[in-house]
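Thanks for sharing this one. Here are a few notes to read alongside the structure, in numbered points.

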Amino acid sequence: METPNAPNPGTAAPPSTSAEVNLRLGALLEQVAQGDQAAFAEFYQLTSRRVFGMARRVLIDTELSEDTTQEVFLQVWQNAAKFNPDAGTPLAWLMTISHRRAVDKVRSSQSSTDREAKYGASSQEIDHDSVSDEVGSRLEAEAVVRCLETLTDTQQESVRLAYYGGLTYREVAERLNAAVPTIKSRIRDGLIRLKTCLGVS
């Protein structure tokens, strides 16, 4: 089965509330799981800006964000049947995939830089212990969770709602009874602290 080309925007009015969006996305995912390209096109139209926005906030770089967005939708096309509505909303599922892809991209870029630095000094280093490398990888994954806990309660709550809840700035603001600029500031500051904690430039 070939992955469909990026669709053109449709003319149908998009759902207006989070509940309506998730209801529509759930129905579309069922059709995508059956190979329905028109359903995939509508799913893309309804969610691509959010996915790109997520990638852009994590990666900063536009080109990397576009690549990540493409990878996310390829994964959706290939794994729509794996979506479990009992485990969460379609939007939360999609944004979780997007966040993981973006973080993986950051780690991959950082690892590439680290490998180049290590290669230059390899003649003066002892061979790496494979067990030590595996432990290091696990500790890196745990570092993300640990760094998330270093945020203030308000930053952590805002970041979790935006990234894991799949909410927009406005929806987060409504949920927390705060102004949109305040929420944007909390999320931006939270992401800066996360990157600093993780040692990502």
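1. Let me start with the largest nonpolar core, which has 26 residues. Leu29, Phe43 and Val76 are the members that touch the most others in this core. Please keep in mind that the model is predicted.

2. Which elements give two or more residues to this core? They are helices α1 (18-33), α2 (37-59), α3 (62-79) and α4 (90-120). Of these, α2 gives the most, with 8 residues.

3. Val76 is a good place to centre your view. Setting aside residues up to four places away in sequence, Val76 touches Leu29, Val32, Phe40, Phe43, Trp93 and Leu94. Two of the names from my opening point, Leu29 and Phe43, are thus in this list.

4. Another core lies apart from the largest one, and it has 14 residues. Its members include Leu151, Ile183, Leu191 and Leu194.

5. Now a polar residue to look at: Ser65, which is found in helix α3. Is Ser65 buried or exposed? Ser65 counts as buried because its relative accessible area is 0%, and the cut-off for buried is under 20%. Not counting neighbours within four places in sequence, Ser65 is in contact with Phe52, Ala55, Arg56 and Leu59.

6. Finally, have a look at helix α7, which covers residues 169-176. Its buried residues are Glu171, Val172, Ala173 and Leu176. Just after α7 comes Asn177, which takes a positive phi of about 55°.

Note on methods
Residues are numbered from 1 along each chain as its sequence is written. This is a predicted model: local features need pLDDT of at least 70, side-chain atom pairs count only at pLDDT 80 or more; totals for chains, interfaces and linings use all residues. Side-chain values use heavy atoms; hydrogens and water are left out. A nonpolar core is a set of buried Ala, Val, Leu, Ile, Met, Phe, Trp, Tyr and Cys residues joined through side-chain atoms within 4.5 Å. Buried means under 20% relative accessible area, exposed over 50%, partly exposed in between (1.4 Å probe, protein chains only). Helices (H or I, at least four residues) and strands (E, at least two) are DSSP runs, numbered from the N terminus. Contact means heavy atoms within 4.5 Å.
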